Amino acid sequence: MERTEMSISGIGRSQGGLYSHVRLDGMVKINGDTDCLSFDSNGTLTLEGALQSEAVTVNGTATVEGRVNANRMMLDGLVTFKDQAVCHESLTANGRLSIAGGLIGEKVEIFGSLKTRGGVQCEWFHVHGGFNVGGLLNAGMIDVKLSMPSKVNEIGGDTISVKRFKKVSVLEQVVPAFSARLQVQVIEGDEIDLEYTEANIVRGNVVRIGKGCKIGRVEYKDRLIREDDATIEKAQQI
């Protein structure tokens, strides 16, 4: 089947289908699964179906009801995926990204916030802001710069770094719920460097527990580095 182009400006509606390039400017609603080479939305988008594309670019607000499968995604604004999202090469989000299912990717960069009900699995995971992951966060390299409260059930990776991006605000001092901290049950990795993290169990080869941390149990193989103000209830070399 031959691919055609879709171009809409203003307020419009279209059917899903097989396209080469999709260009949307304004307030647009698409009914049905959409398969294209490139997808570019500027404004407000509602896609009632799945989206498959080599490259997806969003500026503004977008809601996709079905599964999203792409090689590259550049998302700016408020984006909601109501199913699973798969990104084979790189996903960069500036703003707020919500995914009802899980996220599978190669390189994931979040500047703002990420929320998923399912797990996140990728090779490289960078967050400059905050995240709330309902399942397991599993990545080779995890680099987090916290500037808002974050939560995840479990973290697994090779190299894991969690630091705070900004200084403690007056609001955080008065209302702890607004504090830029990470809450997690279990962290397992090779090299682990933590600050402002609350965890039940941390397991690793080389583990640094830095300022603002409250850890129930640390199990380390090679070395444990502990800052003076870090709280560790129990530490054991294994």
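A salt bridge here is a side-chain nitrogen of Lys or Arg within 4 Å of a carboxyl oxygen of Asp or Glu. Keep that in mind for the views below, and remember that this is a predicted model.

**View 1. Arginine 23 pairs up with aspartate 25 in a salt bridge.** The closest N and O atoms of the two residues are 2.9 Å apart, so the pair falls within the 4 Å limit. Both ends of the bridge can be checked for exposure. Arginine 23 is partly exposed, with a relative accessible area of 38%. Aspartate 25 is partly exposed as well, at 23%.

**View 2. Lysine 29 and glutamate 48 meet through their side chains.** What joins them is a salt bridge, 3.3 Å from N to O. Lysine 29 has a relative accessible area of 26%, which makes it partly exposed. Glutamate 48 is partly exposed too, with a value of 35%.

**View 3. Arginine 217 forms a salt bridge with glutamate 219.** Here the closest N and O atoms sit 2.7 Å apart. Is each partner buried or partly exposed? Arginine 217 is partly exposed, with a relative accessible area of 24%, whereas glutamate 219 counts as buried at 12%. If you want the tally for the whole structure, a search finds 15 salt bridges.

**View 4. Glutamate 195 sits in a loop between two strands.** The loop runs between strand 8 (182-194) and strand 9 (197-209). Glutamate 195 counts as buried, because its relative accessibility is 9% and the cut-off for buried is under 20%. Its side chain and that of arginine 208 are joined by a polar contact of 3.3 Å. Leaving aside neighbours within four places in sequence, glutamate 195 is in contact with Val162, Lys163, Arg164, Arg208, Gly210, Lys211 and Cys213. Which residues share a salt-bridge network with Glu195? They are Lys163, Asp193, Arg208 and Glu227.

**View 5. Serine 150 lies in strand 7.** This strand covers residues 150-164. Serine 150 counts as buried, with a relative accessibility of 4%. Take a look at what its side chain does: it reaches the backbone nitrogen of phenylalanine 131 at 3.1 Å. Not counting residues up to four places away in sequence, serine 150 touches Gly129, Gly130, Phe131, Arg181, Leu182 and Gln183.

**View 6. Leucine 97 belongs to the largest nonpolar core.** That core has 63 residues, and Phe39, Phe81, Leu97 and Phe125 touch the most other members. In soluble globular proteins, nonpolar side chains tend to be buried together. With neighbours within four places in sequence set aside, leucine 97 is in contact with Leu75, Val79, Phe81, Leu91, Ile110, Ser113, Leu114 and Lys115. Phe81 therefore turns up twice, as a contact of leucine 97 and among the core members that touch the most others.

**View 7. Cysteine 36 and cysteine 122 are both without a disulfide partner.** A disulfide is a covalent bond between the sulfur atoms of two cysteines. Why does cysteine 36 not form one? The closest cysteine sulfur, in cysteine 87, is 13 Å from its own, which is too far for a bond. For cysteine 122, the closest cysteine sulfur is also in cysteine 87, at 10 Å, and that is too far as well. The count of disulfides comes to zero. Cysteine 36 is buried, with a relative accessible area of 3%, and cysteine 122 is buried at 5%.

Terms used. Residues are numbered from 1 along each chain as its sequence is written. This is a predicted model: local features need pLDDT of at least 70, side-chain atom pairs count only at pLDDT 80 or more; totals for chains, interfaces and linings use all residues. Side-chain values use heavy atoms; hydrogens and water are left out. Helices (H or I, at least four residues) and strands (E, at least two) are DSSP runs, numbered from the N terminus. Buried means under 20% relative accessible area, exposed over 50%, partly exposed in between (1.4 Å probe, protein chains only). A polar contact is a pair of N or O atoms within 3.5 Å; within protein, one must be able to donate a hydrogen and the other to accept it, and residues adjacent in sequence count only if both atoms are side-chain atoms. Contact means heavy atoms within 4.5 Å. A nonpolar core is a set of buried Ala, Val, Leu, Ile, Met, Phe, Trp, Tyr and Cys residues joined through side-chain atoms within 4.5 Å. A disulfide is a pair of cysteine sulfur atoms within 2.5 Å.
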